[in-house]
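User: I would like to learn how to read a few features of a protein model. Can we take them one at a time?

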Amino acid sequence: MGDTAPNSYKTLPDEAGRFGIHGGRFVAETLMPLILEVEKAYITTKSDPGFETELLYYQKHYIGRPSPLYFAPRLTKHFDGAKLYLKRDELNHTGAHKINNVLGQALLAKRMGKTKIIAETGAGQHGVATATACALFNLDCEVFMGAEDVRRQKPNVDRMRLLGAKVHPVTSGTSTLKDAMNEALRYWVANPETHFYIIGTVAGPHPYPEMVRDFQSVIGKETKEQIKQAEGRLPDALIACIGGGSNAMGLFHPFLDDESVAIYGVEAAGHGIETGEHAASLTGGEPGILHGNRTYLLQTKEGQIKDAHSISAGLDYPGIGPEHAWLHDIGRVNYVSATDEEALDMFHLCSRLEGIIPALEPSHALAFASKFLPSLDKDKIVILNMCGRGDKDLEAVLPLLEARSKL
Amino acid sequence: MSNRISQCFAHAKADNRAVLGIFVSAGDPSAESSAAILDELVENGADMIELGMPFSDPMADGPAIQAASLRAIKKGMTLAGTLDIAKSFRARHPDTPLVLMGYYNPIYIYGKDAFITDALAAGVDGLIIVDLPPEEDSELCDDARMAGLSFIRLVTPTTLGHRLPVVLEKAGGFIYYVAIAGITGTKSAAKETINAAFTRIREETSLPAVTGFGIRTAEQAAEIAHISDGVVVGSAMVSIIEQACAEESLDTEKLVNSVGTYCRSLSEAMKRS
Ligand SMILES: Cc1ncc(COP(=O)(O)O)c(C=O)c1O
């Protein structure tokens, strides 16, 4: 990363893929040679200037980067506290931050000579981004998606099919994102020679958490430049929502060593932490091992993984990336939560005040902003990652807003 | 290293036959019937038991074993309950090797040291922990070996290259050759592939080696028994339990009988003529 100091928060993972006690490579022997191969390829590729040039080209001309950093005047006025800036990653091609990571991994897969891609998806944004990159680079694409999510994110399923991907509805376990990831891993175990698995968040076995973070860090790097341009200084706080944690890590990582910047990750509190029906693994979970890494997990006292609950399919995951788990342990990042109801309110509010329809995921980040900003002085600056747009959620959200007489 | 495991393979070798290992999930379909099923298996020619520790998210298992795990968890089976089943099995069968197979998380939550102590006290001989590759040996393998449990390694088609020595380094008990790149209970491997793999494995280790994943029929078992020191059948056995559970009311006695009949057919077929 180049800019790491001795007392830096940016030196991890270590060689074993650990962030403190978290991370690692807890996979079946069949997969071990594969993830070692990915690691080796990633190490060579990331220091190859040709790769960087290629990635920059696609970021600029295909994704549309840099995404704007936008001062949100009416939300700022409404919250009546600090200034709110939105990092507009919802304007990316395909409508979310997921494409940042997918393009990086797809280019890597191509360099490794792989012709077939596997992906898991929750909200469908990662699936759509992967299907898109596969169309662009002429790769076969198989997407695993919980049957429950296939239902609640239908527009994205249609987009994937149109883009040429094969969508496998997953009915094992609880038919959501964790089961989609199990099924994607099983599929990879059965097709190790031909396939590359593009994981959609900063989780999974080493080197995925590191690799996905690196590809998403473009968000934070741009933000740092842009806020200096706009305000001549660093922000006072950053806010991002957390499913597995990739949009959050992408924004946070370049700022970790800037101690004056307070950082907030917002997990999904579902029906409320106290109800047990939520997806807040740091607030309501314990360290354990799932999907190739140690991290905080929602689980029973016997170590069985529990179902997560969130109105947002993209946050509905019982784990969190291992680097977040570590940042939580050492206290560098503050992890808070927002409920389904609070997110719905913000979905509506942001649409009405800024003309920006946020995805349900960043609506959780807005919910924390709505409580946090009023407590700050007016000269403070807060940046929120608007990591996705809400078109995909309309079908699920509109009836709920109607029931609340908001439409 | 466990005497029961090495003696079991030594006896089979002396009889010029392969060891028959059977996998079932602890507590499937209930704790009581588990005990009866295990007894019936030993009665009908199973030389070694692989007892599954149920986990909600078994990454390397196919539909049959996933469903078995979930049935057991639903009936309240826990790791402590699994160790109880092992302990009572050991009291009834002092010589039959018993290996626990599963995933790391329930053990991590139980506590590594407590687990090793309790597994030894229950008379467990070895462990197969699917998601602990050699790269994570400091988690459990090193201490389990020190305490006297065999840490059994899976060797897969993707291991056979330069990784084989890494995987064999701390391997104990026996080698479990996973005949297919894939999850349990799906496809089956060709005899030639298994032959080639065993030539390679035997060059590198003197431990006995068994073959598993995808063996369903008595004919397959018989064929592989000529190449391998042992044959493990899991998904096919678990499917018999699944069928019994799908019936209107579960007839445990009938279930135990069908498990026994199937096990007998495997062990008869494996007798080398
Ligand atoms: C718009 C959007 N935001 C956030 C997420 C959550 O993922 P992560 O925490 O990795 O950013 C998703 C996942 O699907 C998403 O689509």
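What follows is a short tutorial on salt bridges, aromatic pairs and a helix.

Analyst: This is a predicted model, in which local features need pLDDT of at least 70, side-chain atom pairs count only at pLDDT 80 or more, and totals for chains, interfaces and linings use all residues. Residues are numbered from 1 along each chain as its sequence is written, chains are lettered from A and ligands numbered from 1 in the order in which they are written, and side-chain values use heavy atoms, with hydrogens and water left out.

User: How many salt bridges are there over all chains?

Analyst: A salt bridge is a side-chain nitrogen of Lys or Arg within 4 Å of a carboxyl oxygen of Asp or Glu. By this rule there are 48 over all chains. In one of them, Arg163(B) meets Glu29(A), with the closest N and O atoms 2.8 Å apart. Arg163(B) lies in the loop between β6 (153-155) and α8 of chain B and Glu29(A) in the loop between β2 and α1 of chain A, so this pair joins two chains. Helices (H or I, at least four residues) and strands (E, at least two) are DSSP runs, numbered from the N terminus.

User: Are Arg163(B) and Glu29(A) buried or exposed?

Analyst: Buried means under 20% relative accessible area, exposed over 50%, and partly exposed in between (1.4 Å probe, protein chains only). Both Arg163(B) and Glu29(A) are buried.

User: Which parts does the aromatic pair of Phe9(B) and Phe174(B) tie together?

Analyst: Rings of Phe, Tyr and Trp (its six-membered ring) pair if their centres lie within 6.5 Å; planes under 30 degrees apart count as stacked, over 60 as edge-to-face and the rest as tilted. The count is 18 aromatic pairs over all chains. Phe9(B) and Phe174(B) form a tilted one, 5.6 Å centre to centre with 45° between the planes. Phe9(B) is in helix α1 (residues 3-14) of chain B and Phe174(B) in the loop between α8 (164-168) and β7 (175-178) of chain B, so the pair ties together parts 165 residues apart in sequence. Phe9(B) is buried at 7% relative accessible area, and Phe174(B) is buried at 0%.

User: What span should helix α3 of chain B have?

Analyst: The expected span of a helix is 1.5 Å times one less than its number of residues. The 12 residues of α3(B) (residues 63-74) should therefore span 16 Å, and the end C-alpha atoms are 16 Å apart, which agrees. Its buried residues include Ala64(B), Ile65(B) and Ala68(B). After α3(B) comes Gly76(B), with a positive phi near 95°.
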